[in-house]
Amino acid sequence: MATSERYSKEENYSSTLNAFKYNFTWTINDFEFVCKNVKVIRSKEFSTNNFSDCKWLITMEPTELIRDNKDVFKINFHYHADLMDEKLLNVQISFKRQVDLHSFEIFKTFENENGERGENIISWKISGSDLYEDCVYSTPEEDELSILLDRLEPTVPYCINVICNIDVVFPDETIFQKPLIDIGNCIGLIESNKNFLDNEEFKDVTFNVEDQKFTAHKIILASRSPVFAAMFKNKMTEGLTSVVEIDDTKPAIFQQMLNFIYTDRVENLEESAFELLYVAEKYQLEKLKILSINSLNDKLSINTVIKTLEVAELYSIENLKNECLKFINDNRYEIIETKEFQKLLLDRPNLSIDILKINETRGSECCKSYELR
C-alpha cells in the first residue's frame, strides 16, 4: 500500500492579475485493497516556496468499489491560511488509472464548483458503485473488444494517480503605465552573446573535438566556467597555444554546451541529459547541471531508472539517487527481474542495501498515511 508524491509548479504574472498555478501528484498502489479496508487515507501536507504561508492536504474516506454500493466515497481538500480568500482558490482533483507500464488516463475529475465548501475545506462525494463504474469502464466506443470485456467481471486498477491542480488567483491593484518607448525590440544580452557565437570575429580559442573544430571567446568561457577560467588564467599549454584538445565529448554535445554558455539556454535536453550532465560536472556549469538533473528526474521510467541511478551515484547526486530508489521500490515487480537491475547489483552491491532502506522507509510512511477500518 505504498503511496508517493510528486510536485511541480508554474507561475504566471500579468499587469492586472497575479495567478499562481500548482500541480501535485499522489500515487496510490493497491487501490482496491485500500478502498475495501482503509477508513481514511492522507497525502503528505504540501505547499510551495513562493506560497509557503498556505499548506494543503488531501484526505479520502474510501468505500469498497463494487456494484450496487451506495456508500459514499469522500474526497477532501484541506487548506489553512489566514489571508486566503476562498473565492480566489480554484481546485481540480482528477483520478488517473494506469493503462500500461508508462501511461495513465483520467477516469474521474472533481471540479471546484461542484464541491461542498466548509471552513478551510472543499469536499466531493460519490457513491462506491458510481466510482466503480467510472474506474473500470473507459472505452468510449463499443467495439468488439469492449463488448468482449463487458462480458468479463472488470477489475479495479491496482495503481492510480490522484492529480491535484490548484489555481490561487489574487487581484493586483497596481496597473502599470505603458512605457513611452517600447524596448522589447532591443537586442538583449542573450541575443548579443548568441551573435558572438555565430561570428568568428574576436574569437581567440579553438577546440578540437574528434574531427571537428569549435571556436569561442576566452572571456565568455571564463565568465561562465571556473574550469575554463583557471585554464586560461594559469597559462596552461592550451592557454598559450589557444588550441584545446577535447577527447571525452562528442561534437554534438560540445556544441550544445557552447550554446548554453553563450545563451543560458539548452535545446533537446531530454535527448542528451546524461551527456550534458557529464560536461556540466566537468566544467562546473551549475545551472546546466541542475537542468540536466531535473530532466533525468522528470523522465524516470522503467527503461531509464537504472542508468539514472548509476549516474546519480557516480556524481553523488543524493536527491536524484533517492528518487531513483523510490521509483525502483514502487515498480519493483517490473524492474527486479531485468538484466540491467541484476547487473547493477553485481557491479554495485552497496545499492541493494540502499534499496532495502528505501523500502523500509516507504513502508513506515505508508502506515502513517492510512487509518484502517
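User: Which residue stands opposite Phe214 of strand E12?

Analyst: Phe207 takes the place opposite Phe214 in E12, a reading taken from a predicted model. To place such a facing pair, one looks at the two strands that carry it: E11, which covers residues 205–209, pairs with E12 in the antiparallel sense, and five bridges link them.

User: In what order do the strands of this sheet lie, and how are they paired?

Analyst: The order is E12-E11-E13 in an open sheet of three strands, and the pairing is mixed. Strand E12 (212–216) and strand E13 (243–246) each have a single partner strand and therefore stand at the edges, with one side of each left without a neighbour in the sheet. On average, neighbouring strands here are turned by 25 degrees against each other, if direction is ignored.

User: Which helix packs on the sheet, and which strands does it touch?

Analyst: Helix H8, residues 251–263, packs there and touches E11, E12 and E13, while its direction makes about 10 degrees with that of E12.

User: How many helices and strands does the protein have, and what share of its residues is buried?

Analyst: The protein has 15 helices and 14 strands, and of its 373 residues 41% are buried, where buried means under 20% relative accessible area. The exposed area comes to about 21,900 Å², of which carbon and sulfur atoms supply 51%.

User: What share of the contacts joins residues 24 or more positions apart?

Analyst: Among contacts with a separation of 6 or more, 61% are between residues 24 or more positions apart.

Note on methods: Residues are numbered from 1 along each chain as its sequence is written. This is a predicted model: local features need pLDDT of at least 70, side-chain atom pairs count only at pLDDT 80 or more; totals for chains, interfaces and linings use all residues. Side-chain values use heavy atoms; hydrogens and water are left out. Helices (H or I, at least four residues) and strands (E, at least two) are DSSP runs, numbered from the N terminus. Buried means under 20% relative accessible area, exposed over 50%, partly exposed in between (1.4 Å probe, protein chains only). Contact means heavy atoms within 4.5 Å. Accessible areas come from the Shrake-Rupley method with a 1.4 Å probe; for residues, only the protein chains shown count as cover. Two strands pair if DSSP finds at least two bridges between them. Axes are lines fitted to C-alpha atoms, for helices over the stretch in contact, and angles run from 0 to 180 degrees between N-to-C directions.
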